[in-house]
Amino acid sequence: MIVGENARSEDMDVNPTKEKKLTNMRAAASDETIRLVPAVQLSLEQALEFIREDECVEVTPSTVRLRKVILDQSDRARRRASTRPPKS
């Protein structure tokens, strides 16, 4: 699934189910409060405007989800490399 937006044009592969290792933490950083932006519920029209050519919209009676057409990250990288024009 698509879990967020990136300011850069390329995709960032993340695994939201894998926790970040908290090694070598400083005490001052542990007191900071992290504010998370709530998830945006898109309508079908908004989702269709938002997606790129390598993404699709899954529609069920209760939800509208965005996801990549090719789920495996290595397959997406291979496809991206094969469709890129050769450098001259």
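Among contacts in the protein between residues at least 6 apart in sequence, what share join residues at least 24 apart? The figure is 29%. Keep in mind while reading on that this is a predicted model. Here are my notes, point by point.

1. **Overall layout.** The protein has two helices and two strands. Reading from the N terminus, the elements come in the order α-β-β-α. Of the 88 residues in the protein, 6% are buried. The protein exposes about 8,600 Å², and carbon and sulfur atoms supply 52% of that area.

2. **The hairpin.** Strands β1 and β2 run antiparallel and are joined by five bridges. They form a hairpin, with four residues between them. If you want one pairing to look for on screen, take Val-59, whose bridge partner in β2 is Val-64.

3. **Salt bridges in general.** Side chains of opposite charge can pair when their charged atoms come close. A search of the whole structure turns up eight salt bridges. Several of these deserve a look of their own, and the next points take them in turn.

4. **Asp-11 with Arg-52.** These two side chains meet in a salt bridge, at 3.2 Å from N to O. Asp-11 sits in the segment before α1 (44-50) and Arg-52 in the loop between α1 and β1 (55-59), so the pair ties together parts that are 41 residues apart in sequence. What is the exposure of the two partners? Asp-11 counts as partly exposed because its relative accessibility is 29%. Arg-52 is also partly exposed, at 37% relative accessibility.

5. **Asp-54 with Lys-68.** Here the side chains meet in a salt bridge at 3.0 Å, N to O. This pair links distant parts of the chain, with Asp-54 in the loop between α1 and β1 and Lys-68 in strand β2 (residues 64-68), 14 residues apart. The two ends of the bridge fall into separate accessibility classes: Asp-54 is partly exposed at 27% relative accessibility, whereas Lys-68, at 11%, counts as buried.

6. **Lys-68 and its surroundings.** Which residues does Lys-68 touch, not counting residues up to four places away in sequence? They are Asp-11, Asp-54, Glu-55, Cys-56 and Arg-76. Two of these contacts can be described in more detail. The side chains of Lys-68 and Asp-54 are joined by a polar contact of 3.0 Å, and the Lys-68 side chain also makes a polar contact with the side chain of Glu-55, at 3.3 Å. So when you click on Lys-68, you are looking at a residue in the buried class, since its relative accessibility of 11% is under 20%.

7. **Glu-55.** Now for the acidic partner in strand β1. Is Glu-55 buried or exposed? Glu-55 counts as buried, with 11% relative accessibility. Its side chain has a polar atom lying 3.0 Å from the backbone nitrogen of Arg-52, and a polar contact of 3.3 Å joins the Glu-55 and Lys-68 side chains. Leaving aside residues up to four places away in sequence, Glu-55 touches Ile-2, Arg-67, Lys-68 and Val-69.

8. **Putting the charges together.** Which residues are linked in a network of salt bridges? The members are Asp-11, Arg-52, Asp-54, Glu-55 and Lys-68. On the chain, Asp-11 comes from the segment before α1 and Arg-52 from the loop between α1 and β1, Glu-55 belongs to strand β1, and Lys-68 lies in strand β2.

9. **Arg-67 with Glu-58.** Another salt bridge joins the side chains of Arg-67 and Glu-58, at 2.5 Å from N to O. Arg-67 has a relative accessibility of 21% and counts as partly exposed. Glu-58 is partly exposed too, with a relative accessible area of 28%.

10. **A nonpolar patch.** Away from the charged residues, there is one surface feature to note. Met-1, Val-3, Met-12 and Val-14 make a nonpolar surface patch of about 460 Å². One of its members, Val-3, is placed in the segment before α1. Val-3 counts as exposed because its relative accessibility is 55%, and the cut-off for exposed is over 50%.

Technical notes:
Residues are numbered from 1 along each chain as its sequence is written. This is a predicted model: local features need pLDDT of at least 70, side-chain atom pairs count only at pLDDT 80 or more; totals for chains, interfaces and linings use all residues. Side-chain values use heavy atoms; hydrogens and water are left out. A salt bridge is a side-chain nitrogen of Lys or Arg within 4 Å of a carboxyl oxygen of Asp or Glu. Buried means under 20% relative accessible area, exposed over 50%, partly exposed in between (1.4 Å probe, protein chains only). A polar contact is a pair of N or O atoms within 3.5 Å; within protein, one must be able to donate a hydrogen and the other to accept it, and residues adjacent in sequence count only if both atoms are side-chain atoms. Contact means heavy atoms within 4.5 Å. Patches are made of residues with over 30% relative accessible area and no salt bridge: like charges are joined within 9 Å, nonpolar side chains (Val, Leu, Ile, Met, Phe, Trp, Tyr) within 5 Å. Accessible areas come from the Shrake-Rupley method with a 1.4 Å probe; for residues, only the protein chains shown count as cover. Two strands pair if DSSP finds at least two bridges between them.
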